[in-house]
Amino acid sequence: MLPRRLIQLFIGLAMYGISLALFIRAGLGLDPWDVFHQGVSGRTGLSIGVVVIIVSFLVLLLWIPLRQRPGFGTLCNAVLVGVFADLGLAVVPAVSHLAGQVGMLAGAVLLNGIASACYIGARFGPGARDGLMTGMARRTGWSVRLSRTLIEVSVLAIGWLLGGSVGVGTVVYALAIGPLVQLLLPLFTVPAAGTEAKPVPAAVP
């Protein structure tokens, strides 16, 4: 199963980065972490892909006190999502009419859900941001939901203050991505040798 897992991991991360580019080009708002990335990008002049990579490795430093260990997929995630986000922005044009924006937003959410199911289902370790969420939950005794909410509300607020894009897309993503990944994950989860495929907990990079 290793070749399939590797191919699925890399395709999933590539699609995730491209979905970020689609969200940006749609211009209707981003998910909480990407609001933060966009805000930092606007303040520093760095491309959003470079910011995604830098923030990923800074978040990984927070894994140390949480006693989290990154997997191969964690490190690939930290680099490749940002690379493909910049590649996507280089080739995907912006749209100015509402119908095009809505269509691009819908495509971004769907592609993001497929991408998340692909890379999670490949079983090479969580993304940096997911590991922070689950590590905090384990160390504090808080629920994963509470940990995720506190982290994402914080980065959303900071990103918005820095000038990141918050809008209907932010709400659509928050409502749709969990159910979408849960629906798709059984299709993409690669079973361990000698076992049946079992869905793993849904999470995003």
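What follows is a short walk through helix packing, cysteines and a few single residues in a predicted model.

Helix H3 is a handy place to start. H3 covers residues 48–66, and two of its packing partners are described here, H2 and H6. Two packed helices are described by the angle between their axes and by the distance between those axes. For H2 (residues 32–44) and H3, the axes come within 9 Å and cross at roughly 115°. The handedness of this H2–H3 crossing is right-handed. On the H2 side, the contact is built from Trp33, Asp34, Phe36, His37, Gln38, Val40, Ser41 and Thr44. H3 answers with Ile48, Val51, Val52, Val55 and Val59. Sorted by character, the residues in this H2–H3 contact come out as eight nonpolar, four polar and one charged.

The pairing of H3 with H6 (residues 128–140) has its axes 9 Å apart, at an angle of about 20°. With an angle under 35 degrees counting as roughly parallel, H3 and H6 are therefore roughly parallel to each other. Here H3 passes H6 in a left-handed crossing. H3 brings Val52, Val55, Ser56, Val59, Leu60, Leu62, Trp63, Pro65 and Leu66 to the contact, while H6 supplies Ala128, Arg129, Gly131, Leu132, Gly135, Met136, Arg138 and Arg139. The tally for this H3–H6 contact is eleven nonpolar, three polar and three charged residues. Val52, Val55 and Val59 of H3 appear in the contact with H2 and also in the contact with H6.

Serine 56, a residue of H3, gives a close-up of the H6 side. Its relative accessible area is 1%, so serine 56 is buried. Setting aside its neighbours within four places in sequence, serine 56 is in contact with Ala78, Ala128 and Arg129. Ala128 and Arg129 are also among the residues that H6 contributes to its contact with H3.

Further along H6 sits alanine 137. At 8% relative accessibility, alanine 137 counts as buried as well. Neighbours within four places in sequence aside, its contacts are Trp142, Ser143, Val144 and Ser147. As for methionine 104, 33 residues away along the chain, its C-alpha atom is separated from that of alanine 137 by 34 Å.

Leucine 187 makes for a contrast. Leucine 187 belongs to helix H8, which spans residues 168–188. With a relative accessible area of 61%, and over 50% being the mark for exposed, leucine 187 is exposed. Glycine 107 lies 80 residues from leucine 187 along the chain, and the C-alpha atoms of the two are separated by 19 Å.

That leaves the cysteines. A disulfide is a covalent bond between the sulfur atoms of two cysteines. The structure holds zero of them. Cysteine 76 is in no disulfide, and the nearest cysteine sulfur, belonging to cysteine 118, is 15 Å away. Seen from the other end, the closest cysteine sulfur to that of cysteine 118 is in cysteine 76, and 15 Å is too far for a bond, given that a disulfide needs the sulfur atoms within 2.5 Å. Both residues are out of the open: cysteine 76 is buried, with a relative accessible area of 12%, and cysteine 118 is buried at 5%.

Definitions and conventions
Residues numbered from 1 in each chain as written. Predicted model: local features only at pLDDT ≥ 70, side-chain atom pairs only at ≥ 80, totals over all residues. Heavy atoms only, no water. Helix = DSSP H or I, 4+ residues; strand = E, 2+ residues; numbered from the N terminus. Buried < 20%, exposed > 50% of the residue type's maximum accessible area, 1.4 Å probe, protein only. Contact = heavy atoms within 4.5 Å. Axes fitted to C-alpha atoms, helices over the stretch in contact; angles between N-to-C directions. Left-handed = near helix turned anticlockwise from the far one by under 90°. Nonpolar A, V, L, I, M, F, W, Y, C, P; charged D, E, K, R; others polar. Parallel < 35°, antiparallel > 145°, perpendicular 65-115°, else oblique.
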